[in-house]
Amino acid sequence: MWDYSEKVMDHYRNPRNVGKIDDADAVGSAGSLACGDQLKIYLKIKNGIVTDAKFQTFGCGSAVASSSILTEMIIGKPISEVRKITNKDIADQLEGLPPEKMHCSVMGYEALEDALQGYEDYQDLEDIRADEDKKQKIVCTCFGITENVIWDAIKQNGLTTVEEITNYTKAGGACGKCKGLIQDIIDTYYKKEESKKTEGLSPAQRILKINSIIENQISPELQKDGGDITLVDIDGNKVYVKLRGKCSGCKNSMLTLKAFVEMTLKDAISKDIEVIEVGA
Amino acid sequence: MDKKLIYLDNNATTRVDDKVLEAMLPYLKEQYANPSSMYDFAKASGHALKEARGQMKDFFNAANEKEIIFTSCGSESANMAIRGVLNMNKNKKHIITTKVEHPCVLNLYQTLEKQGYSVDYIGVNSNGELDLAQLEEAIHFDTALVSVMYANNETGVIFPIRKIAEIIKRKNPQTKLFVDAVQVAGKIPIDVQELGVDLLGVSGHKFHAPKGVGALYCNSKTVITPLIIGGHQERGKRAGTENVPYIVGMGKAAEIASDFLKYEATEVRRLRDKLESGILKNIYNARLNTGAAQRVPNTTNIGFEYIEGELILLHLSDLGICASSGSACTSGSLEPSHVLRAMNVPFTAIHGSIRFSLSKYTTEQEIDYVNSVLPGIIEKIRNISPYQDELAELKKLKNNL
């Protein structure tokens with residue numbers, strides 16, 4: 001027997017907002033009959049606000065509860081807020097779901113996303129999921145789970161293992177052939193996250209980081225050759241420096257600047273960095 | 001809403017018979033001696049053990065008490081039989097079983113495959129009946145073991161063990177036959193001599209004994225290695241101090257079960273049929289998954305189209321009714337029952353398949369109550385289904401009939 005929360009039980013016993021909206025402004029669905037669960041969600045939207053929402057679900061207790069609470073969470077909310085709802089929010093509202101049932105909350109999120117995507121006001125989802133080909137690429141053929149869905153599940157729930165992905169999305173839960181692919185997706189995701197960390201620096205953090213690299217990595221190298229470098233100013237991606245000691249007036253100073261100083265900063269901070277020497 | 005317990009999941013486990021518990025209590029209280037001990041105090045437990053062995057011998061109609069080995073459960077009986085036979089026939093690397101065996105057996109075979117055994121899994125038809133032609137074809141000189149359940153736990157479909165034994169004798173008399181009889185014990189008579197089986201396992205808690213005790217019949221011509229090595233208990237076949245109270249309980253349960261076989265065949269069957277025909281009559285597009293196959297008298301497996309089993313079970317549970325489902329969601333495995341898939345149950349019905357399994361304790365009032373509330377539950381769940389158009393179409397078809 002699953003250890004369902006009181007909230008989950010209340011919602012599958014007395015599901016709210018069941019049915020269909022014939023003149024819905026947005027309709028979304030997720031799952032399929034063959035997979036064992038399917039959800040359809042219907043939205044009425046007026047002046048950017050969800051004025052009504054209804055659902056129809058084929059699935060287990062937690063699938064019905066996820067759909068039911070989702071409709072409660074979005075009615076009366078502006079689209080901009082509804083867009084921010086994740087599967088984790090759905091599970092949290094239900095006071096938690098058993099790990100093996102997290103995919104039910106993901107399904108709610110997928111159906112909502114599907115509905116909003118069809119809605120004309122809806123702009124493309126941010127950043128990394130923008131690649132259309134990737135969105136449609138099916139990873140788990142048994143359950144028809146796309147890379148997009150896995151990506152979202154990782155992002156929203158901080159998943160790190162293939163087993164967790166299976167619990168949240170079902171992917172890999174049947175024949176298991178796609179487990180290697182899922183691992184690749186996890187690896188790629190965390191690599192991107194790592195590189196995003198520096199891109200996401202605030203201007204102040206960025207200045208501090210550039211300064212620290214110049215002082216701790218670049219300057220000591222130049223000092224070995226009797227030269228030195230100081231940071232003069234930073235303006236967007238332009239980094240103004242002053243070469244001193246032997247470097248100043250050295251024939252190779254241009255090479256030092258571009259091949260060493262600029263490359264080091266590009267690797268560590270961003271590939272858009274440009275290093276400019278200011279006069280003595 | 002009064003919530004009375006209506007237990008219709010007797011293929012999962014059963015209630016301990018009061019008489020069984022009564023028979024066990026002295027061996028949990030004052031008669032606690034180790035039956036291997038030499039003093040007079042140990043005589044009572046020694047005798048009790050012998051009596052229980054006799055009761056199991058009668059239960060199986062075995063030729064000899066020495067052919068009964070007490071175990072801890074059905075899974076141990078199966079593991080002991082299968083590994084025991086294979087260890088004695090190390091040069092033979094082929095095993096035949098079915099696609100619909102209990103996981104305790106299937107998972108063992110998957111492990112054995114990794115260890116170099118080749119395993120043929122015999123399929124079933126859409127009623128869940130075994131493909132005997134395929135089985136016959138699969139037997140060859142290298143076949144160490146054929147392992148077939150007597151009846152399927154999910155569907156109740158009975159396999160023709162005697163016919164299978166005859167086929168084996170004809171094709172390769174060296175091949176041993178192990179029968180997992182967990183789901184027939186107490187439901188239909190077991191006669192190991194008439195069936196012609198070499199090994200047969202049962203589990204006490206499926207016929208009103210407690211959990212934690214089972215038995216393996218191993219005929220005198222079949223030699224197996226022990227699974228648990230240690231003391232001399234069970235003639236060296238299963239070490240460990242005998243679980244006297246539980247063995248006494250199972251012996252008593254076997255004796256009672258023999259007396260109830262007729263009741264199972266008539267009254268339990270009548271109530272099962274009443275439940276089944278009530279469901280099929282009152283609920284459109286409910287599907288008897290086993291068709292006309294021969295079944296144990298207590299089991300019915302019905303698919304409700306376009307809804308999901310777990311939700312049916314949750315609503316039944318709210319009314320105190322216990323049943324089980326082959327749906328993916330209840331197991332947490334994400335895939336629906338391997339048995340129903342082997343039978344090619346349509347995907348519209350496989351997720352909504354429910355097993356009701358009765359016992360001698362099931363009453364007519366209970367069945368009437370289930371029949372009165374189930375249509376409402378199914379209707380309620382179907383009302384939230386996204387397949388309203390399909391359901392409306394099915395309803396129209398049914399009404400036109």
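The following exchange looks at salt bridges and burial in a predicted model.

Reader: What makes A:Arg13 and B:Asp318 a salt bridge?

Author: A side-chain nitrogen of Lys or Arg has to lie within 4 Å of a carboxyl oxygen of Asp or Glu, and the side chains of A:Arg13 and B:Asp318 meet with N and O at 2.6 Å, so the pair is called a salt bridge. Across the interface of chain B and chain A, the rule finds two salt bridges.

Reader: Why is A:Glu262 called buried, and why does A:Lys266 count as partly exposed?

Author: Buried means under 20% relative accessible area, and partly exposed means between that value and 50%. A:Glu262 has a relative accessible area of 8%, and is therefore buried, whereas A:Lys266, at 26%, counts as partly exposed. These two residues also form a salt bridge, with their closest N and O atoms 3.4 Å apart, and they are separated by about one helical turn because they stand four residues apart in helix H11 of chain A.

Reader: How do you know that the salt bridge of B:Glu366 and B:Lys4 ties together parts that are far along the sequence from each other, 362 residues apart?

Author: B:Glu366 lies in helix H13 of chain B, while B:Lys4 lies in the segment before strand S1 of chain B, so the pair ties together parts that are 362 residues apart in sequence. Their side chains meet at 4.0 Å, N to O. Of the two partners, B:Glu366 is buried, with a relative accessible area of 10%, and B:Lys4, at 48%, counts as partly exposed.

Note on methods: Residues are numbered from 1 along each chain as its sequence is written. Chains are lettered from A and ligands numbered from 1 in the order in which they are written. This is a predicted model: local features need pLDDT of at least 70, side-chain atom pairs count only at pLDDT 80 or more; totals for chains, interfaces and linings use all residues. Side-chain values use heavy atoms; hydrogens and water are left out. Helices (H or I, at least four residues) and strands (E, at least two) are DSSP runs, numbered from the N terminus. Buried means under 20% relative accessible area, exposed over 50%, partly exposed in between (1.4 Å probe, protein chains only).
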